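Student: Please take one part of this model and examine it closely, loop by loop and strand by strand. I should then like to see how that part relates to the remainder of the chain.

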Amino acid sequence: MCRYIIFPKIVIFLFIISITKVYSQAPMNDTCELCNKPSFRSLVTNSFNKNSTMNITSAEDTATMLLIKGGAFQMGTDDPHFSDASPIHRVIVSDFYMDEHEVTNDQFEQFVNATHYVTIAERPLDPKDFPNVPVEQLKPGSAVFTPPNHPVDLKDPLQWWSYVVGANWRHPKGPNSTIVGHGKEPVTQVCYLDATAYAKWAGKRLPTEAEWEYAARAGGSHKYYWGDSILVNGKWAANIFQGDFPYNNLVQDGYVDIAPVMSFPANKWGIYDLDGNVWEWCSDYYSSNYYAVSDSLNPLGPNKSLDTEEPTAIKRVQRGGSFLCSDQYCIRYRAGSRGKGEESSASNNLGFRCVKDISK
Ligand SMILES: [Ca+2]
Ligand SMILES: [Ca+2]
């Protein structure tokens, strides 16, 4: 399994390169209000009937899933900061069930105990994939947020991301960290391939990008998924980053990094933490121009990955941003914006949730 790397003194996954380019498009400040255009809002169709919501329990994991009644909505955003999320286009999704929260460490441990699955970040690195790297340096690990204590150049993510040997889902920040006592927090350090393995075991699948956005919008069309103001009744609506990124986290939302799932209010359809906390894998290949040619009915994404900035990397869509998003740096927690990541790369701000089809 190939994990892309470059090798100065430390190994850095392609993930780092990806986020560099994603985040480098973000402005220091953004006052754009295009998401509030009346024409956009009026075109949203919400067929959701709250009384139709029902809980189910999967056969294999313990997640509560909610029925998301299908309907039509306007997908994407014309915010010029998110060129890959335009044009806004009408999409129809069918009914589906969605986990009410991100997959937790407890849930992922249940999966590993049942299957003895070994995540990509735990597997040995194949010297064939890294011919220019000394074998003794090929040690399993993953990307970890390691913030400095002083201001840094925001164009250089290597100032706050490090490849940490021994970082994996059981030790999200490295060998000295643990998930013990953090069972209700979302699992991290799981790549796309790990997430799909879990979903298959659970009898589920990853959401399509369209399903994810449809559920996140919950019938609304606002700048943020929860509304037009960053605060709701004076409180933070999602776990993101406040302060001076990356060195001075003011923790105004109460969480310096990951929060236990369901620590913030659910959206109007009862789903928690779609926005913020951890990025979430979607099933679609990532293509920066897909929205121009997207199917309108249950789009599955392009049939292959195409990131024009890194055409050789196989990438999947990620959605929702994480506890590291802020208006100083990554603004891709805003409604309609997209993320992307190489399939085999993970980090300690990246997780997933599952969906399930309605039985016919
Ligand atoms: Ca926070
Ligand atoms: Ca999330």
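Tutor: Helices and strands are here DSSP runs, of at least four residues (H or I) for a helix and at least two (E) for a strand, and they are numbered from the N terminus. In those terms, Val251 belongs to the loop that connects S13 and S14. The model is a predicted one, and the part chosen for the close look is this loop, together with the sheet that includes S14.

Val251 has a phi near 55 degrees, which is a positive value in a residue other than glycine. Its surroundings hold 12 C-beta neighbours inside 10 Å, so Val251 counts as exposed; the cut-off for that class is 12 or fewer. Met262 lies in the loop between S13 and S14 as well. Its phi, near 70 degrees, is again positive in a residue other than glycine. Met262, however, is partly exposed, because 15 other C-beta atoms are found within 10 Å.

On the other side of strand S13 (248-249), the loop from strand S12 (243-244) contains Pro246. The peptide bond that joins Phe245 and Pro246 is cis, with omega about -5 degrees. A cis bond also leads from Ser86 to Pro87, with omega near 0 degrees; Pro87 is placed in the loop between strand S5 (71-75) and strand S6 (89-93).

Strand S14 then enters an open sheet of 4 strands, ordered S16-S15-S14-S17, in which the pairing is mixed. S16 (339-342) and S17 (350-351) occupy the edges with a single partner strand each, so one side of each has no neighbour in the sheet. S15 (residues 315-319) pairs with S16 in the antiparallel sense, over 4 bridges. Within this pairing, Val317 has Lys340 of S16 as its bridge partner.

Between strand S14 (279-285) and S15 there is another loop, and Ala313 is found in it. Ala313 is buried because 21 other C-beta atoms lie within 10 Å; the threshold for that class is 20 or more. The C-alpha atoms of Ala313 and Glu343 are 8.5 Å apart, although 30 residues separate the two along the chain.

Elsewhere in the chain, helix H5 (residues 209-217) has 9 of its 9 residues buried, so it is largely enclosed by the rest of the structure. Among these buried residues are Glu209, Trp212 and Arg217. Just after H5, Ala218 has a positive phi of about 50 degrees. In the largest nonpolar core, which has 76 residues, Leu66, Met98, Ala195 and Ala215 touch the most other members. H5 makes the greatest contribution to this core, with 5 residues.

Strand S9 (residues 161-165) is also mostly covered, with 4 of its 5 residues buried. It runs antiparallel to S8 (residues 141-145), and 5 bridges join the two. In that pair, Phe145 is opposite Trp161 of S9.

Taken as a whole, the protein chain has 5 helices and 18 strands, and 49% of its 360 residues count as buried. Of the contacts between residues at least 6 apart in sequence, 73% join residues at least 24 apart. The average pLDDT is 85, and 83% of the residues score at least 70. Over residues 1-58, by contrast, pLDDT stays under 50. Where pLDDT is low, the predicted coordinates should not be read in detail.

Conventions: Residues numbered from 1 in each chain as written. Chains lettered and ligands numbered in written order. Predicted model: local features only at pLDDT ≥ 70, side-chain atom pairs only at ≥ 80, totals over all residues. Pairing = 2+ DSSP bridges. Core = buried A, V, L, I, M, F, W, Y, C linked by C-beta atoms within 7 Å. Contact = placed C-beta atoms within 7 Å. pLDDT = per-residue confidence, 0-100.
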